[in-house]
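User: Could you walk me through reading a sheet and what packs on it? I would like the general idea and then the case at hand.

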Amino acid sequence: MSQSARAREIARRLGVADHPSREHLAEAVALFAPQGWAMCGNWHFEGTLRVLRSVGDGLEGAALDEAIADVWNDENGTWLKFAAAPMRRWSNMHQPFKQIIWDRVAMIEKAINHHFAGAFEASISILLSQIDGLSFDLTGKSFFSKSNDDPFLDDATIAGMQANLPVVRALFSKDVRPTGHYGAVSRHGVLHGRDLGYATRVNSTKTIVLVAALAEYFPTIADNAAVQQRREHEAAVAGSTEVDERGRLVDDRDIPELLNFAYEVNGEYLNALVLVPGPFDAERTLVALARKRGLDPTAFTVAEDDTGWRWHYTVPAGRTLGYAARPSTHSERRHPDVWRWDHATKPQALPWVDETGWRSDDDAPQPANWEPKFVV
């Protein structure tokens with residue numbers, strides 16, 4: 001079947017299906033990937049159908065590229081602008097690695113701003129270098145390297161479909177020599193200065209769309225990379241008694257997990273108190289969320305009374321972190337009274353405070369070791 005006939009058939013089948021199957025999409029990928037367009041879940045549905053119909057009527061080559069670029073820059077402009085935004089959700093298990101991801105996204109977003117300003121010579125070169133760095137961070141190899149043996153296939157994403165990223169990667173990885181005005185999407189041609197005609201809207205759009213496809217393909221790989229880096233970090237800091245320049249424990253084993261656990265427990269408590277008023281089972285909630293975060297529920301101390309509740313947990317470095325809360329009795333404040341514990345010793349009593357200062361339930365002086373610190 002010719003390309004035009006295939007396009008007509010795809011357009012016909014997609015036009016009668018609200019949710020095209022992977023088989024339909026795979027056929028569409030076969031038309032776009034050889035042009036350097038990486039398919040992903042953020043492609044504009046109606047615009048893509050319009051282009052497919054045009055291909056069925058004979059549209060091809062540079063005209064096809066311009067038609068797809070029009071869809072992405074017009075109807076799909078918002079997705080183009082935020083192509084890298086999903087990356088900000090990656091790698092929560094290791095904050096330093098997550099910060100690298102965020103810094104890289106900031107660079108990509110600057111490049112995308114260059115694209116919308118018409119500075120394609122800047123957008124393309126920045127994007128290609130950031131794709132290179134991203135791939136090295138996550139896989140140890142460049143996305144554009146011929147020695148990269150990642151098949152770039154999976155069963156969960158559109159980006160990972162057969163004949164999508166592998167075909168696009170081959171185009172972006174082509175060598176360009178000698179120097180000339182080729183106008184190709186070649187990382188070698190751009191970053192080695194061999195292609196003097198690369199700076200076009202089409203090439204810039206293709207490169208941003210490739211970022212969007214990689215943002216769909218890489219999340220699990222990025223999360224696994226963060227887990228591995230976290231393990232290596234924990235092995236390196238285990239047993240340290242030092243603090244960093246901000247006063248934080250260098251041996252921070254269990255602290256990221258405990259912090260995420262604390263956020264989730266607080267959310268459950270506020271839901272029970274404010275959004276969906278009802279009883280709050282502190283112990284059952286803590287056990288469930290501790291297991292979710294990979295923490296041992298039996299390592300927690302949980303206490304409740306008629307006025308509030310608390311938990312505390314001692315991290316491997318010997319520091320005890322904790323939380324206490326009670327519904328507010330203040331006539332003008334609806335949120336609960338909250339304290340966070342961060343101390344070298346364990347708390348001995350359930351603390352409560354009013355506007356005049358610290359007090360305990362029997363009005364005895366507040367134990368000196370209670371400090372209203374934030375868990376960091």
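Analyst: We will go through the sheet, its pairings and its helices in turn. Keep in mind that this is a predicted model.

User: Happy to start there. In what order do the four strands of the open sheet come?

Analyst: The order is β1-β2-β3-β4, and the pairing is antiparallel.

User: Why is one side of β1 and of β4 left without a neighbour in the sheet?

Analyst: Both β1 (301-304) and β4 (337-343) are edge strands with a single partner each, so one side of each has no neighbouring strand. As for twist, neighbouring strands here are turned against each other by 10° on average, with direction ignored.

User: How many bridges join β2 and β3?

Analyst: Strand β2 (residues 309-314) pairs with strand β3 (residues 320-326) over six bridges, in the antiparallel sense. Within this pairing, Y313 stands opposite L321 in β3.

User: Which helices pack on the sheet?

Analyst: Helix α12 (residues 255-275) touches β2, β3 and β4, and its direction makes about 170° with that of β2. Helix α13 (residues 282-292) packs on the sheet too, touching β1 and β2, with its direction at about 155° to that of β1.

User: And how are β1 and β2 connected, with how many residues between them?

Analyst: They form a hairpin with four residues between them. The antiparallel pairing of β1 and β2 runs over four bridges, and E304 has W309 in β2 as its bridge partner.

User: What should I remember about side chains in a regular strand?

Analyst: As a general idea, they alternate between the two faces of the sheet.

How values were computed: Residues are numbered from 1 along each chain as its sequence is written. This is a predicted model: local features need pLDDT of at least 70, side-chain atom pairs count only at pLDDT 80 or more; totals for chains, interfaces and linings use all residues. Side-chain values use heavy atoms; hydrogens and water are left out. Two strands pair if DSSP finds at least two bridges between them. Helices (H or I, at least four residues) and strands (E, at least two) are DSSP runs, numbered from the N terminus. Axes are lines fitted to C-alpha atoms, for helices over the stretch in contact, and angles run from 0 to 180 degrees between N-to-C directions. Contact means heavy atoms within 4.5 Å.
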